[in-house]
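Biologist: Please take a close look at one part of this model, the salt bridges, and then at the elements around them.

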Protein chains: 2
Amino acid sequence: MADHQNPPITALATPWGSSAIAVIRCSGSGAIELVDRIFVPAGKLATAAPNSVHHGFVVDPDSRARLDEVMVVLLRAPGSYTGEDTVEIMCHGSSAGIQRILAVLLAIGFRQAEPGEFTLRAFMAGKLDLTRAEAVNELVSARTAEAHEMALQRLSGALEQRINAIKARLVTLLAAVDIQLDYPEEDSGEVVIAPEAVVEVRDQIRELLASYRTGRIYQQGVRVAIAGRTNAGKSSLFNELLRQDRSIVSETAGTTRDYIESTIALAGVPVRLYDTAGFRDSSERVETEGMRRSQEILDAADLVLYVIDAGEGVHDSESAMLQQLRDSGRLVGVWNKIDLPAAGARSAPHGFTAVSLNSGAGLPQLIELISERILPASLTWNGEPVIDSLRQKQLLEAADSALGHVLEGLARQIPVDAVALDVEEALHSLGAITGEVTTEDVLSAMFAGFCVGK
Amino acid sequence: MADHQNPPITALATPWGSSAIAVIRCSGSGAIELVDRIFVPAGKLATAAPNSVHHGFVVDPDSRARLDEVMVVLLRAPGSYTGEDTVEIMCHGSSAGIQRILAVLLAIGFRQAEPGEFTLRAFMAGKLDLTRAEAVNELVSARTAEAHEMALQRLSGALEQRINAIKARLVTLLAAVDIQLDYPEEDSGEVVIAPEAVVEVRDQIRELLASYRTGRIYQQGVRVAIAGRTNAGKSSLFNELLRQDRSIVSETAGTTRDYIESTIALAGVPVRLYDTAGFRDSSERVETEGMRRSQEILDAADLVLYVIDAGEGVHDSESAMLQQLRDSGRLVGVWNKIDLPAAGARSAPHGFTAVSLNSGAGLPQLIELISERILPASLTWNGEPVIDSLRQKQLLEAADSALGHVLEGLARQIPVDAVALDVEEALHSLGAITGEVTTEDVLSAMFAGFCVGK
């Protein structure tokens, strides 16, 4: 796509907030000349070499008053992310300053970029296929090293190659059909499309489909709540789990009066961890605001770590809730304080892990158990390309379904040119995954989920 | 300062969070060669020209696995912010990815930068004086265009020049003393230091000192709370004030069950605006949690906009609170709903502004009044350099005090060389403001308040 068809767009590419540096991205036809009009020293950018960096000031186009001291990174078409002329303004990370520069850019002819518009332009310029375009967004939102690695793999084209390999096999099948249709006299009477070949291709598609759950869990993560009566040891467990995470996904633990939450990584999965308020007795549960919020958190949790003081045992008021958690398959029971003399009298309820959060006894087993429950072995990433997009999943399902029709047609021995239509249908779905065939609607829906500036 | 004395340091220069781009800053001796070891295409950076941009990949130094696709901005000493060899890595804005790159940088020999360490190095390299170094931090945290403009003015050296001009006058006074001490035979019997000259200099210092309150209010802003009984029109006023702000300082309004808050700019001042829960009756005020929090917000507010439904009038339960707000000088009374028939019977209490938030009647006057109360004319910025640092204020006070001693000494006709000591004392304090004379303690205390990456 020629550069002159693309109006110049701009957006902040770094998060809002105070920081040393912010980056404002400008791309499109005339982007360099436009920025040059508000840059001092004047006239420097328009004639500058590609891939060069320039120190100077952003100024008001009318008053020439200095708005900020900046570094400007200049990239020329096609050697930029979008394939267009691009200027990246590295300014001071002040929200007031960013606003002033953006206002000036809009005033001189830039338009505010839509979410994902830079990446959309990169796709339109043939810089990346749709699986890689999606990976850009997934990469940015990755919260653990594993999720980052998966997105990076897709960004480097691993999924695109996998899809293209599957497509190549289908194209080979179609070629055989074409030959038979073109030269029917050479019909050897053999089956032109071997069902085994179709099954093999379908299995490859299903393997990718199965990877969707893996991709999702690493990208979206799980919600884990800690519950139990007051003084059962909930906060100790919360802190212990925070300590397990060496990477510190979230630097600040959000604290409210009613519960504490923090994001950690366990087994490579982002875990939103909640320490709820303790239940003192069952009547209180429904009555107070804090208890109501705790209940909401428990209801929404994928996993509930229920802590019981072994010396106290299970209270009557807890039985119903425990049964409910067990029935929903979300219970991890923690039988705490086994090191205290009072614990001796009782044995742990079925399925509870005996620990002392104080001495650390049983803790490694508990962490192991929690990790397995968060990420079952069947969902653990094996390093193969993984899909992590509902769009990709739906298109793979369509391809899978079309190949099912192919197998059905072959079994019923319908004419081979009719079967070929279903093979083409599968090819079409696979082509839509990489963006070889696509529509404007699909593109706008896809990129609308991107962050602005990407 | 020679580059080889500075160990290589690194830090994230953009805010944590998902975004299109993040910038990791690397600076110091060998920074370029070190980054080259984890950059592909290999060996490209070490020989690259200054002010050049390079596309490539950050890789693991051992496995050579790709960690991210990046753009690298290369700056060579002394042509960088710090005056040292510098590499700015523009990577994808994913927290997981940033962590992986930072981990690799630390592994190959970079040290995590201390807060403000890049700017400290810029100061040590003579790239900027202390008033400009402080302005860097103030610029970043500016929340309105006015605060940004003030900081920018300081960054461009306006305050430094003002201080240096004052110093030059004192140096002239000292020179006269020196001449008299060196050539006592030429003593004309005249006063060597004219008190008028000292008073003039002192007035200039006091003018700067007076600007401190202006600087603070634009930089730190004020807290404004909206209070009143339920249905008096608090939320309408809150929304009206949000609409007044064309710049939108904060994009998201934080909402809790008990109150709503948002940051807006009024009269160029950042205003943290709170819409508190309504008081239904006085007994409730002390009893419920929400009321307790509302009270805390009112207590901490610089200004309270108290809304009364004109049709309802002042309730007995409100009188004490209104009196208290009046006494503390923090009350702005809003007599709302004057357009409704019910309002006719009552007149507004003393000091209340009559409005209809519904029809808009009286609203411009109310906004004007609130703006004046937030920023009195005496504190409005007149475009002259302003100080916004406690350190600068204390040093100016010390200089003011020293000049007081000079005037005292002149009045008491003590020997001129004793008077000269106080002039030198004032000069020393002024020199400390720009960093001409300074100590390591002062520097570390100053830069500790910076954000990391700056």
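Modeller: The answer begins with the conventions, goes through the salt bridges one by one, and then turns to the neighbouring elements and the pairing of the chains.

This is a predicted model, in which local features need pLDDT of at least 70 and side-chain atom pairs count only at pLDDT 80 or more, while totals for chains, interfaces and linings use all residues. Residues are numbered from 1 along each chain as its sequence is written, chains are lettered from A and ligands numbered from 1 in the order in which they are written, and side-chain values use heavy atoms, with hydrogens and water left out.

Over all chains, the whole structure holds 36 salt bridges. The term stands for a side-chain nitrogen of Lys or Arg within 4 Å of a carboxyl oxygen of Asp or Glu. Side chains of opposite charge can pair when their charged atoms come close.

One of these bridges joins A:Arg121 to A:Glu84, with 3.2 Å between the closest N and O atoms. This pair links distant parts of the chain, 37 residues apart: A:Arg121 lies in helix α3 (residues 117-124) of chain A, and A:Glu84 in the loop between β5 and β6 (86-93) of chain A. Helices (H or I, at least four residues) and strands (E, at least two) are DSSP runs, numbered from the N terminus. Both partners are buried, A:Arg121 at a relative accessible area of 8% and A:Glu84 at 2%. Buried means under 20% relative accessible area, exposed over 50%, and partly exposed in between, with a 1.4 Å probe and protein chains only. The two also belong to a network of salt bridges that links A:Glu84, A:Arg111, A:Glu117 and A:Arg121.

Helix α3 (residues 117-124) of chain B contains B:Ala122, which is buried at 0% relative accessible area. Leaving aside residues up to four places away in sequence, B:Ala122 touches B:Tyr81, B:Thr82, B:Lys127 and B:Leu128, where contact means heavy atoms within 4.5 Å. B:Pro78 is 44 residues from B:Ala122 along the chain, and their C-alpha atoms are separated by 10.0 Å.

A second salt bridge is formed by A:Arg100 and B:Glu149, whose closest N and O atoms are 2.5 Å apart. This one crosses between chains, from helix α2 (residues 95-107) of chain A to helix α5 (residues 145-155) of chain B. A:Arg100 is buried at 18%, whereas B:Glu149, at 25%, counts as partly exposed. The buried residues of α2(A) include A:Ile98, A:Ile101, A:Leu102 and A:Leu105 as well as A:Arg100. The 13 residues of α2(A) should span 18 Å at 1.5 Å a residue, and the end C-alpha atoms are indeed 18 Å apart; the expected span is 1.5 Å times one less than the number of residues. After α2(A) comes A:Gly109, with a positive phi near 130°.

A third salt bridge stays within one helix. A:Arg243 and A:Glu240 meet at 2.7 Å, N to O, and both lie in helix α8 (residues 234-244) of chain A, 3 residues apart, about one turn of the helix. An α-helix has 3.6 residues a turn, so residues three or four places apart point the same way. Even so, A:Arg243 is exposed at 54%, while A:Glu240 is buried at 12%.

The loop that holds A:Glu84 follows β5, so that strand comes next. Strand β5 (residues 66-75) of chain A runs antiparallel to β4(A) and is joined to it by 8 bridges; two strands pair if DSSP finds at least two bridges between them. β4(A) and β5(A) form a hairpin with 6 residues between them, and A:Arg64 in the turn has a positive phi of about 60°. Strand β4 (residues 52-59) of chain A is mostly covered, with 7 of its 8 residues buried. Strand β3 (residues 39-40) of chain A also pairs with β4(A), antiparallel and over 2 bridges. A:Val58 in β4(A) is the bridge partner of A:Phe39 and stands opposite A:Asp68 in β5(A).

As for the two chains, a turn of 180° and a shift of 0.0 Å along the axis lay chain A on chain B with an RMSD of 0.1 Å, superposed by least squares on the C-alpha atoms of residues with pLDDT of at least 70 in both. That is the relation of a two-fold axis. A:Ser52 has the C-alpha nearest the axis in chain A, 2.4 Å from it. The copies meet through the same surface, because 100% of the interface residues of chain A are also interface residues in chain B.
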